[in-house]
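Hi everyone, thanks for coming. I'd like to walk you through a structure that's new to most of us, so let's put it up on the screen.

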Amino acid sequence: MMPRRKLLLASLSSFAILIFIVFISFSIRLNFSLTTSLTNTILLQQAPQINTQFTVLIGIFTRPGNFDRRHFLRLVYGIQSTPIAHIDVKFIFCNITNSEQRTFVALEIMRFNDIIVLNCSENMNNGKTYTYFSTLPQILPTRYDYVMKADDDVYLRLAPLASSLQSLPRVDLYYGFVIPCPSMNPFVHYMSGMGFVLSWDLVEWIRRSNIPANNTYGPEDKLVGQWLNSGNKAKNRFSNKPKMYDYPGTNGRCSHELIPNTIAVHRLKKWEQWINVLRFFNVTKQLQPSSLYSISFD
């Protein structure tokens, strides 16, 4: 009888352990599911939203294979916040043709859900910008006050960006860094592709109008200016120089030294350039002391 009793107790013990493991696994999966389902963009550092006045979608143009850059930018934008605007940051690219990239991107979407895959072939000057703006009114569950197109080699400071938009019109707005570089007149030519903002009504107009649809091949930031001029749109234009610029020494008169009231720094092609920018703005100042690490910045 004793061996049978011991065998029964051992069996019950094993069963209890199995049930415990299943319960823990389910709890972990449930917690992960709830966390990811509630996170639909880069999670910006929490800030009081009581006085939030407007919403902004920032679409960062990148390519499916740029995994490292996306992960880095999630850190860069995830530690920023502003109380006056709700800002969503998403990564934008065209259809994925590589099977390995499909798997990696699927994992990114499952974990972060901050990617929009457009129905287009990856390109620079053959309609990606048009597809981006014309698609948004169809696929987004809600409208934004402003939509921004930005490159993945630009550093945006979200609080100054929000402050610069706060007093501007919410309709018929075209905002950015006017080209050519010496120009200060936003009503001539167009805004640089480093990062420009359209009000939502202009995004909807791009979706409806034949003017953009019939003119999608060529330098895409330049085309946007042509669309708006041809359609007699964007009566409200704002060029935010010198707060938006190219990294020092990278692009002639579009470049200048880093300045404290910066909104955007463009042409960050090398890691050392990113590090110089992040150090200049002291972005790690929020790092709290801990016994778990010892990090000093000399």
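Let me start with a single residue, Asn-232: it is exposed, with a relative accessible area of 53%. Here "buried" means under 20% relative accessible area, "exposed" means over 50%, and "partly exposed" is in between, using a 1.4 Å probe and protein chains only. Asn-232 sits in the loop between helix 8 (220–230) and strand 10. Its phi is positive, about 55°, although it isn't a glycine. That's worth pointing out because most residues other than glycine have a negative phi, and most peptide bonds are trans.

Before I go on, a word on what you're looking at. This is a predicted model, so local features need pLDDT of at least 70 and side-chain atom pairs count only at pLDDT 80 or more, while totals for chains, interfaces and linings use all residues. Residues are numbered from 1 along each chain as its sequence is written, and side-chain values use heavy atoms, with hydrogens and water left out.

How confident is the predictor? pLDDT is its confidence in each residue, from 0 to 100. The chain averages 87, and 83% of the residues score at least 70. Residues 1–40 are another story: pLDDT stays under 50 there, and the model has nine contacts beyond four places in sequence for that stretch. A contact, by the way, means heavy atoms within 4.5 Å. Where pLDDT is low, the predicted coordinates should not be read in detail.

Now the overall picture. The chain has nine helices and 12 strands. These are DSSP runs, numbered from the N terminus: helices are H or I with at least four residues, and strands are E with at least two. Of the 298 residues in the chain, 46% are buried. And among contacts with a separation of 6 or more, 72% are between residues 24 or more positions apart.

Back to helix 8, just ahead of our asparagine. Which of its residues are buried? They are Glu-220, Leu-223, Val-224, Gly-225, Trp-227 and Leu-228.

On the other side of that loop is strand 10 (236–239). In a regular strand the side chains alternate between the two faces of the sheet. Strand 10 has a covered face with Arg-237 and Ser-239, and an uncovered one with Asn-236 and Phe-238. Strand 10 also pairs with strand 6 (residues 173–176), in the parallel sense and over four bridges. Two strands count as paired if DSSP finds at least two bridges between them. Within that pairing, Leu-173 has Asn-236 as its bridge partner.

Follow the chain out of strand 10 and you reach Pro-242, in the loop that leads to strand 11. The peptide bond from Lys-241 to Pro-242 is cis, with omega near 0°. There's another cis bond between Ile-179 and Pro-180, where omega is about 5°. Pro-180 lies in the loop between strand 7 (178–179) and strand 8 (190–191).

Strand 11 takes us to a sheet. It is an open, mixed one with three strands in the order 5-12-11. Its edges are strand 5 (155–156) and strand 11 (244–246), each pairing on one side only. Strand 5 runs antiparallel to strand 12 (residues 264–266), over two bridges, and Tyr-155 stands opposite Val-265.

What about empty space? Rolling a probe the size of a water molecule over the atoms shows where it is left. The largest pocket holds about 730 Å³. It is lined by 31 residues, and the closest to its centre are Met-124, Lys-149, Asp-151, Gly-193 and His-266. For the terms: on a 1 Å grid over the protein atoms alone, a pocket is an open set of points where a 1.4 Å probe fits, with protein on both sides within 12 Å along at least five of seven lines, and lining residues have an atom within 4 Å of a point. Grid points are joined across faces, edges and corners, and the volume is the space filled by probe spheres set on the points.

Last stop, the segment after helix 9 (271–280), where we find Asn-282. Asn-282 has a positive phi too, near 50°, and is partly exposed at 40% relative accessibility. Thr-284 is in that segment as well, and its C-alpha atom is 9.2 Å from that of Ile-79, 205 residues away along the chain. Leu-287 touches Tyr-293, Ile-295 and Phe-297, leaving aside residues up to four places away in sequence. That's the tour, thanks for listening.

Key:
pLDDT is the predictor's confidence in each residue, from 0 to 100.
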